[in-house]
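I opened this entry to keep track of what I looked up. Overall size comes before the sheet, the helices and the cores.

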Amino acid sequence: MARVVVSARLPDPTAAQRLRAAGHEVLLRDDPRPAAPEELLRLTAGREGLLAMPVDRIDARLLDARPELRFVANFGVGHDNVDVDAATARGVLVTNTPGVLSEAVADHCVALVLAAARRVVEGDRLTRAGGWTGFSTDLLLGIDLSGATVGLVGLGRIGTAVARRLVLGFGMRGLYAGRSARPQLEAELGLRRAELHELLARSDVVTLHLPLTEQTRGLIGARELAAMREGAVLVNVARGPIVDEPALLEALRDGRIRAGLDVFDHEPLPPGHPLLALETAVLTPHIASAGRRSRAAMAALAVHNLLEMLAGRRPPNLVNPEAWTTPA
């Protein structure tokens with residue numbers, strides 16, 4: 001038996017019950033919101049396993065204060081909230097939940113594309129405020145997606161799912177930028193690989209599908225935003241710091257581009273943040289994976305990863321395999 005903590009209420013309550021059914025002592029924090037750092041430190045006292053939320057900061061400070069913590073199952077595909085190097089150096093195994101949320105994130109990405117390209121939120125506000133006075137030939141003109149070009153920055157599971165929707169579903173032309181060529185997907189989806197600068201210059205819609213790393217932090221800066229087409233749409237459902245936020249604010253204020261954003265440098269956005277005043281941006285509160293089935297599947301996979309680690313078996317979604325040692 002091990003002692004484990006689930007740092008927030010899971011969308012499927014039966015998921016945590018599987019931990020108890022396996023004989024483990026479970027401390028379940030009954031709040032869907034994340035724990036504050038000091039509360040997380042308190043909750044992990046004497047616990048070998050942690051099912052963590054994607055905003056729980058698992059760093060050297062926490063790991064040194066809790067040397068008994070050996071297993072971290074992250075509820076999410078991203079794991080930039082975990083100092084993986086610090087965990088690996090201490091022999092702490094870390095897992096994530098890839099695959100099960102790809103379709104939901106792709107759905108939300110397309111929702112933001114449509115909302116920004118066709119100015120849906122502006123139209124809603126105008127109508128509710130009584131500003132719609134009748135037909136006008138130039139009212140809220142937007143981008144026709146059919147025949148336009150989408151540039152996918154990253155062609156992993158989520159990028160591929162977005163390409164299927166926009167290229168096959170909406171008849172868009174597709175470019176992608178990635179570390180390696182994907183000839184099978186190029187043939188299947190009619191995509192063409194391009195360098196980032198070319199992709200930005202040729203695309204009417206640019207979508208981001210990259211993990212946050214030292215290499216991708218600030219990848220889309222002032223130079224890259226200036227390379228985008230006038231009136232193009234940038235959609236970020238990956239991680240906020242991939243885009244240089246001050247540079248993005250300037251481009252949005254100028255009206256050169258529009259944006260659909262689900263992620264930000266600092267979350268939640270504080271009152272008075274300049275993004276909140278811009279009509280050129282559609283904003284959602286980091287909910288791209290918030291499909292009911294997808295969130296339940298994420299919980300199930302996180303629990304499965306944790307159960308495998310607690311049983312001394314290598315989990316299927318191990319982020320730091322170098323920390324794995326075969327049990328004696």
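My notes follow in the order I made them.

**Overall.** I am working from a predicted model. I counted twelve helices and twelve strands in the protein. Next I checked the radius of gyration. The protein has 22 Å, and a compact globule of 328 residues would come near 20 Å, which agrees. Along the principal axes, the C-alpha trace spans about 70 × 50 × 35 Å. I then looked at burial: 50% of the 328 residues are buried. The exposed surface comes to about 15,600 Å², with 53% of it supplied by carbon and sulfur atoms. I also looked up sequence separation. Taking contacts between residues at least 6 apart in sequence, 60% join residues at least 24 apart.

**Sheet.** What is the strand order of the open sheet of seven strands? I read 8-7-6-9-10-11-12, with parallel pairing. Strand 8 (191-193) and strand 12 (281-283) are the edges; each has a single partner strand, so one side of each lacks a neighbour in the sheet. On average, neighbouring strands here are turned by 20 degrees against each other, direction ignored. I followed one edge inward. Strand 7 (residues 173-177) and strand 8 run parallel and are joined by three bridges. Leu175 has Arg192 of strand 8 as its bridge partner.

**Helix 7.** I asked which strands helix 7 (residues 157-169) lies across. They are strand 6 (149-153), strand 7, strand 8 and strand 9 (205-208). Against strand 6, helix 7 runs at about 175 degrees.

**Helix 11.** Which residues of helix 11 (residues 245-254) are buried? I noted Glu245, Ala247, Leu248, Leu249, Ala251 and Leu252. Their cover includes helix 10 (222-227), strand 10 (233-236), strand 11 (258-261) and strand 12. Gly255 follows helix 11, and its phi is positive, near 75 degrees.

**Cores.** I turned to the nonpolar side chains. The largest nonpolar core holds 59 residues. Leu10, Leu19, Leu51, Leu191 and Leu306 have the most contacts inside it. Helix 5 (residues 102-117) gives this core its largest share, nine residues. A second, separate core has 32 residues, including Leu175, Leu196, Leu199 and Ile257. I had already met Leu175 as the bridge partner of Arg192.

**Leu51.** I went back to one residue of the largest core. What does Leu51 touch, leaving aside its neighbours within four places in sequence? Its contacts are Val5, Val6, Ser7, Leu10, Ala73, Phe75, Ala302, Val303 and Leu306. Leu10 and Leu306 also appear among the residues with the most contacts inside the largest core.

Note on methods:
Residues numbered from 1 in each chain as written. Predicted model: local features only at pLDDT ≥ 70, side-chain atom pairs only at ≥ 80, totals over all residues. Heavy atoms only, no water. Pairing = 2+ DSSP bridges. Helix = DSSP H or I, 4+ residues; strand = E, 2+ residues; numbered from the N terminus. Axes fitted to C-alpha atoms, helices over the stretch in contact; angles between N-to-C directions. Contact = heavy atoms within 4.5 Å. Core = buried A, V, L, I, M, F, W, Y, C linked by side-chain atoms within 4.5 Å. Buried < 20%, exposed > 50% of the residue type's maximum accessible area, 1.4 Å probe, protein only. Rg over C-alpha atoms; globule rule 2.2 N^0.38 Å. Areas by Shrake-Rupley, 256 points an atom, 1.4 Å probe, with all protein chains shown as cover.
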